[in-house]
Amino acid sequence: MTIRKKAVPIVKAFTPKASIARKYVIILGISSFAIILAVWSLLTYTGIINPMLMPTPTKTVQMGVQLFTEQNYSADIGMTVFRVMLGFALAALVAIPLGILIGVYAPVSAFFESIFSFIRYMPASAFIPLFILWIGIGEDEKVAVIILGSLPQLILMVATSTRNVSKSLIEVSYTLGTTKANVLWKVILPKATPDILDNVRIVLGWAWTYVIVAEMVGASSGIGYMIIQSQRMLSTPKMFVGILTIGLIGLFVDNLIRFLNRKLFAWN
């Protein structure tokens with residue numbers, strides 16, 4: 001049976017770890033976007049900020065329609081999404097199993113954790129000139145930037161989530177007669193998997209940062225390429241469309257993973 005937290009009235013919600021009704025979550029979420037839109041409108045429609053520096057919401061929407069209808073913007077979006085998903089999938093394919101091993105087995109942790117902690121502090125964008133020299137300016141270079149940026153972060157986060165499984169659960173399983181292999185498959189992984197999926201959600205957001213940076217150097221397509229070309233032509237509406245597109249895609253993917261986490265691991 002699933003145990004759910006009882007939602008409290010909004011006026012009593014400022015209690016640590018309290019939960020509020022779903023309708024208030026939606027209302028407050030929409031309100032935050034509405035406030036940002038109101039501030040943006042105030043700054044631009046009144047002329048407080050030069051239109052060359054910040055376009056109005058109307059100009060931005062008009063430019064978005066123009067990009068989709070006249071400049072094949074959907075192809076740029078598709079290329080960027082493809083690069084992110086390919087690079088991140090390859091990184092996750094290595095990072096999740098290795099992170100689990102690091103979190104579960106001390107010798108593996110001793111061997112790998114320090115080196116990935118070292119690599120984690122190296123900015124992926126700093127490797128772009130090297131990757132261009134090593135593998136050129138094609139798709140491989142952009143995918144490599146995403147892998148380098150995502151892999152160490154995801155490994156260490158998965159290791160932490162796996163390591164945080166309560167030792168009392170493991171000790172109880174041994175008391176009930178389980179084996180070492182079953183501890184991993186039937187205790188540690190079921191408990192850690194919801195957190196691992198959450199790690200994937202967070203690091204996937206960072207992967208979008210890496211691909212946009214990679215597309216700004218040596219690319220001929222993608223959202224990042226469109227943004228840097230717009231900057232050279234002083235077209236701030238185009239730049240805003242690109243930035244907002246990334247945010248909207250990220251918001252969709254973020255909520256999709258949250259939804260999957262709730263449905264797949266409702267017992268959590």
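**Exercise 1.** Does Arg201 count as buried or exposed, and at what relative accessibility?

*Solution.* This is a predicted model.
Step 1: take the cut-off, under 20% relative accessible area for buried.
Step 2: Arg201 has 13% relative accessibility, so Arg201 counts as buried.

**Exercise 2.** Find the salt bridge between Asp254 and Arg201, and place it in the chain.

*Solution.*
Step 1: Asp254 pairs with Arg201, and their closest N and O atoms are 2.9 Å apart.
Step 2: locate the partners. Asp254 sits in helix H10 and Arg201 in helix H8, 53 residues apart, so the pair links distant parts of the chain.
Step 3: check burial. Asp254 is partly exposed, at 22% relative accessibility.
Step 4: look for shared partners. Salt bridges join Asp198, Arg201, Asp254 and Arg258 into one network.

**Exercise 3.** Describe how H3 and H8 pack.

*Solution.*
Step 1: Two packed helices are described by the angle between their axes and the distance between the axes.
Step 2: for H3 and H8 the angle is about 145°, and the axes are 8 Å apart.
Step 3: the crossing of H3 past H8 is right-handed.
Step 4: list contact residues. H3 contributes residues including Val84, Phe88 and Ile96, while H8 contributes residues including Val200, Leu204 and Trp208.
Step 5: sort them by class. The contact has 18 nonpolar, one polar and two charged residues.

**Exercise 4.** Which residues form a salt bridge with closest N and O atoms 2.7 Å apart?

*Solution.*
Step 1: the partners are Arg83 and Glu215.
Step 2: Arg83 belongs to helix H3 and Glu215 to helix H8, so the bridge ties together parts 132 residues apart in sequence.
Step 3: both Arg83 and Glu215 are buried.

**Exercise 5.** Compare burial for the pair Arg163 and Glu113, which form a salt bridge.

*Solution.*
Step 1: the closest N and O atoms of Arg163 and Glu113 are 3.0 Å apart.
Step 2: Arg163 is in helix H6 and Glu113 in helix H4 (residues 106–120), so parts 50 residues apart in sequence are tied together.
Step 3: Arg163 is partly exposed, with a relative accessible area of 35%.
Step 4: Glu113 is also partly exposed, at 22% relative accessibility.
Step 5: the full count of salt bridges is seven.

**Exercise 6.** How many residues has the largest nonpolar core, and which have the most contacts inside it?

*Solution.*
Step 1: the core has 51 residues.
Step 2: Phe88, Leu154 and Ile223 have the most contacts inside it.
Step 3: among the helices giving two or more residues are H2 (57–70), H6 (139–163) and H10 (236–264).
Step 4: H8 gives the most, 16 residues.
Step 5: follow Phe88. Beyond its neighbours within four places in sequence, Phe88 contacts Ile146, Ser150, Leu154, Val200, Val203, Leu204 and Ala207.

Conventions:
Residues numbered from 1 in each chain as written. Predicted model: local features only at pLDDT ≥ 70, side-chain atom pairs only at ≥ 80, totals over all residues. Heavy atoms only, no water. Core = buried A, V, L, I, M, F, W, Y, C linked by side-chain atoms within 4.5 Å. Buried < 20%, exposed > 50% of the residue type's maximum accessible area, 1.4 Å probe, protein only. Helix = DSSP H or I, 4+ residues; strand = E, 2+ residues; numbered from the N terminus. Contact = heavy atoms within 4.5 Å. Axes fitted to C-alpha atoms, helices over the stretch in contact; angles between N-to-C directions. Left-handed = near helix turned anticlockwise from the far one by under 90°. Nonpolar A, V, L, I, M, F, W, Y, C, P; charged D, E, K, R; others polar. Salt bridge = Lys/Arg side-chain N within 4 Å of Asp/Glu carboxyl O.
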